[in-house]
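Subject: Structure for your review

Dear colleague,

Please find below the structure that I am handing over to you, followed by an account of what was found in it. I should be grateful if you would read the two side by side.

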Amino acid sequence: MSKRVRTEVRVEGVVQGVGFRPFVYSLATSLGLGGHVGNDVGGVFAEVEGPAGAVTEFLHRLQPEAPPLARIDRLVARPLRPTGAGAFAIAPSAAGGERRALVTADSAACADCLRELADPADRRHRYAFINCTNCGPRFTIVREVPYDRPHTTMNAFTMCARCAAEYRDPADRRFHAQPVCCPDCGPRLTLLDAGGLPLGAADPVATTAAFLQRGLVVAVKGIGGYHLAAIASNASAAAALRARKHREDKPFAVMVPDLAAARRLCDVDDAAAQILAGTRRPIVLLPRLPGAVLPIAPAVAPGTRQLGLMLPYTPLHHLLLEAAAEPIVLTSGNVSDEPIAYRDEDAVGRLRGIADAYLVHDRAIQVRVDDSVVRYRRGRETLLRRARGYAPEPLRMAERFPRPVLACGAELKSTFCLARDQHAYVSQHIGDLENAETLRSFTDGIAHLGRLFDIVPQVVAHDLHPEYLSTKYAAELAGVDLVGVQHHHAHVASCLADNCEPGPVIGVAFDGTGYGTDGTIWGGELLLADLTSFERAGSLEPVPLPGGTAAIRQPWRMAAVYLAAAYPDGPPVRLAARERNAARWDAVLAMAQRGINSPMTSSAGRLFDAVAALLGVRDEINYEGQAAIELEQLADPAEKGSYPAPLAGAGPLRIKGPELVAAAVEDLAAGAGEPVVAARFHNGLAAAVVAACGRLRDERGLNVVALSGGVFQNLLLAEKVVTGLEDGRFRVLQHRQVPCNDGGISLGQAAVAGARDRQGQRP
Ligand SMILES: [Zn+2]
Ligand SMILES: [Zn+2]
């Protein structure tokens, strides 16, 4: 007879709203243990009592057998004096105190729920809001913590007797599933006409599918906002959607019913399939299959060899895709650059003239959350937008934050980050902080996340750019310590924090634009950096940015200044790019040479723009990064040729962009095709980065390189740089949990603020 013992267990991490208590309950009861389990603001607490062997087994199985959506960060067990408790019980939730419990991300419908959805005998057959403890909405419905029904937008629905019984039964898959509901007691679908009036459709899903098949555009209320849907093979529907949204070229995402359909459109290997079909369900940008049999209208994704695919993630999507019987475009419900509509009261107004009908429901969305976007190519994956399915999952840091931190991010692809103790909470993608609506999402989001995780910032980090709305927001906060963090230092620090590394490293921060410490515009930076500080060890050779933002919109202007830098006496050959823009070419150059509205920039993004314009990819862009994205798509991935890595011989370390441009011009004049030239440019720039890191290693003895900045969304470049560095025996850090673009800046700012705070508090 084994000795009787009692043990207290505390579990921290993603453990609430993921079925952890019923899991503990069934594990304990199966082992014949007594005691209890409950939620509190710190996570899950339990006490178990019984024979020592059974208690040990309980502790051993707790972590490996935890529910699929759970993530255990910390598990502490402590012996107690046995009390002789009998049956195991689930304790009511405790309120008050610190709110360190974690609200989880929204999760795709699970296999069990989908089985019930399709089962005519199940009482939730074809019910669009089916969910359980293993799946369903979370972050987008939570108003308060602890995470319990009255604190969610489901508080508007009173559970029927059968749902309530499931909710109360520890042996049921829906035990304490806060959004539990059924056709008798839960949310309902309604189909509205273009003016927002109910159409009285008996089967709103079937009618929506019929509308789509007729070529109409239907707004569909989702988990974190409204989408606009259209049949993906219908050219006129796709064109209408573009015209009405004022979205000229930026590709639309396509939802396909299943992996089999995805494989008929794109190259989907096993790793890509796992991302597509996982619980997070991001949009995955994948290489298109040449000659794919499934038709997709050209207007869906022009100018690119890839396609953004996603699989259905809500039960409604599953029903809709089944009824529509073919892939649909599912793009954010907004006009142009506005944030996605998510409130019922303004969706119809904001989407007027775009949507021909609205498929809506009466479960409110508490927080606007876009679809996440992942890029995948040949085993390499990069997060482009971190939102639904990821946020607000915390990132565990290597070291503690001495005081709570708010990091305000940058401007484009804005996120913010709240941090305390050993966790950083990076917000969902907010959008470009350029208008009042996005700014409100940003400020409301900070307040909401701060409430959920009980974080009252004492240290506030911000970009150095004085005109960013995020910087201005920080400057207006009272009673906090402000920490300004240089943009590219934040990029490198973000990559360090993403990998739980302290540095120092050689940081390669390549992006479009960031405010430098010398007042010029940086963007092709080689930094020697740790979390606390950095030194600018080198950069791309600066060139003028003629016309400021006009040069960002018009890549041909960058071609003009790069050519002028490469050939002070004029280029040796006739160039189509110059002829296309002859009317303004000389005037723009004269402006650049006189330094009128032409700040100097070392931006890597602008170097890509110059080459894109020279190769005839495009002279003007209509979305951020378009020329560089299309240049990468143009490049022949099989081409191995390169241009000589152009590093300045003496003085500060400079990658000489004009020499790369000259090599491209001469290659083109010699008859090389554009896809070959585009590839050789990528290879040449990658070789220059590798050579520059080699020189810095020789001088400084650092052997680790961190890659960050939006340019590394270019997976062709990333692959060449990483391969070159690893062949040279460097250790390379890349982003894993946050984007390399400005969406990751807030994490880097928070990491720097925390590191400086730790340093300041050291004796
Ligand atoms: Zn489920
Ligand atoms: Zn019910």
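Which spacing do the donors of the zinc ion (ligand 2) follow along the chain? They are arranged as C-x2-C-x18-C-x2-C. Please bear in mind throughout that this is a predicted model.

The zinc site

Coordination of the zinc ion (ligand 2) is provided by the SG atoms of C160, C163, C182 and C185, at 2.2 to 2.3 Å. The arrangement is tetrahedral, because the four donor atoms subtend angles of 106 to 115 degrees around the zinc ion (ligand 2). C160 belongs to the loop between helix 3 (111–118) and helix 4 (161–168), while C182 belongs to the loop between helix 4 and strand 6 (189–193); the pair therefore ties together parts that are 22 residues apart in sequence. Are these two cysteines buried or exposed? C160 counts as buried because its relative accessibility is 18%, under the 20% cut-off. C182, at 0% relative accessibility, counts as buried too.

The helix pair

Helix 1 (residues 20–30) packs with helix 2 (residues 52–62) at an angle of about 145 degrees, and their axes are 10 Å apart. The two helices form a right-handed crossing. Helix 1 contributes F23, V24, L27 and A28 to the contact, and helix 2 contributes F58, R61 and L62. By class, six residues of this contact are nonpolar, one is charged and none is polar.

Yours sincerely

Terms used:
Residues are numbered from 1 along each chain as its sequence is written. Chains are lettered from A and ligands numbered from 1 in the order in which they are written. This is a predicted model: local features need pLDDT of at least 70, side-chain atom pairs count only at pLDDT 80 or more; totals for chains, interfaces and linings use all residues. Side-chain values use heavy atoms; hydrogens and water are left out. Donors are N, O and S atoms within 2.8 Å of the metal (3.2 Å for Na, K and Ca); water is not among the atoms, so sites may look incomplete. Four donors count as tetrahedral if all angles lie between 85 and 135 degrees; four count as square planar and six as octahedral if opposite donors are over 155 degrees apart and all others between 65 and 115; anything else is irregular. Helices (H or I, at least four residues) and strands (E, at least two) are DSSP runs, numbered from the N terminus. Buried means under 20% relative accessible area, exposed over 50%, partly exposed in between (1.4 Å probe, protein chains only). Axes are lines fitted to C-alpha atoms, for helices over the stretch in contact, and angles run from 0 to 180 degrees between N-to-C directions. A crossing is left-handed if the near helix is turned anticlockwise from the far one by less than a right angle, and right-handed if clockwise. Contact means heavy atoms within 4.5 Å. Ala, Val, Leu, Ile, Met, Phe, Trp, Tyr, Cys and Pro count as nonpolar, Asp, Glu, Lys and Arg as charged, and the others, Gly among them, as polar.
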